[in-house]
Amino acid sequence: MALLIPVLLFTGLVIWEVYFSGFTPLVLQRFAVLIHSLAAIAAILVWIIHVYAGIWVRGSLRAMTLGYVTPGWAWRHHRKWLRALARTESAAPTPRREVAP
């Protein structure tokens, strides 16, 4: 996604007829439209896959909404981080307690 955004920006400027049509030849504009369209499709697919992966991987939504993961999740997905926590004896984040209204 970090590569697709600049591609979309630059090709969008090239195909922006109101301001830049006099600076770019028609062949370059047509090529920019093709690249812009392909980059847009790729960005949409990356976004869909990213959302799907966030929902599919069990524990990810809890990590994003509550800010903590279980030790088992950390071991399965981020062993290096879990080992660094254990090595430094750092206190891992604890879950927030819900307060009854």
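Here are legends for a set of close-up views of this predicted model.

Because the model is predicted, local features need pLDDT of at least 70 and side-chain atom pairs count only at pLDDT 80 or more, while totals for chains, interfaces and linings use all residues. Residues are numbered from 1 along each chain as its sequence is written, and side-chain values use heavy atoms, with hydrogens and water left out.

**View 1. The whole chain is shown as a set of helices.** The protein chain has 6 helices and 0 strands, with helices (H or I, at least four residues) and strands (E, at least two) taken as DSSP runs numbered from the N terminus. Read from the N terminus, the order of elements is α-α-α-α-α-α. Of the 101 residues in the protein chain, 15% are buried; here buried means under 20% relative accessible area, exposed means over 50%, and partly exposed is in between (1.4 Å probe, protein chains only). The accessible surface adds up to about 8600 Å², and carbon and sulfur atoms account for 70% of that surface; the areas come from the Shrake-Rupley method with a 1.4 Å probe, and for residues only the protein chains shown count as cover. Among contacts (heavy atoms within 4.5 Å) between residues at least 6 apart in sequence, 40% join residues at least 24 apart.

**View 2. Helix 1 packs against helix 3.** Helix 1 covers residues 4-14 and helix 3 covers residues 26-56; their axes are 9 Å apart and meet at an angle of about 150°. Axes are lines fitted to C-alpha atoms, for helices over the stretch in contact, and angles run from 0 to 180 degrees between N-to-C directions. The two helices are therefore roughly antiparallel, a label for angles over 145 degrees, with under 35 counted as roughly parallel, 65 to 115 as roughly perpendicular and the rest as oblique. From helix 1, the residues in the contact include Leu4, Val7 and Leu8, and from helix 3 they include Ala32, Ile35 and Ala39. By type, the contact residues divide into 12 nonpolar, 4 polar and no charged. Ala, Val, Leu, Ile, Met, Phe, Trp, Tyr, Cys and Pro count as nonpolar, Asp, Glu, Lys and Arg as charged, and the others, Gly among them, as polar.

**View 3. Glutamine 29 and arginine 30 sit side by side in helix 3.** Glutamine 29 is buried, at a relative accessible area of 10%, whereas arginine 30 is exposed, at 59%. Setting aside residues up to four places away in sequence, glutamine 29 touches Val14, Ile15, Phe20, Ser21 and Thr24. For arginine 30, the C-alpha atom lies 7.9 Å from that of isoleucine 15, and these two residues are 15 residues apart along the chain.

**View 4. Glycine 54 of helix 3 is shown with its contacts.** Glycine 54 counts as buried, with 15% relative accessibility. Beyond neighbours within four places in sequence, glycine 54 contacts Ser60, Leu61 and Met64. The C-alpha atoms of glycine 54 and methionine 64 are separated by 9.0 Å, with their positions 10 residues apart along the chain.

**View 5. Arginine 62 belongs to helix 4 (residues 60-66).** With 30% relative accessibility, arginine 62 is partly exposed. Apart from neighbours within four places in sequence, arginine 62 is in contact with Gly67, Tyr68 and Thr70.
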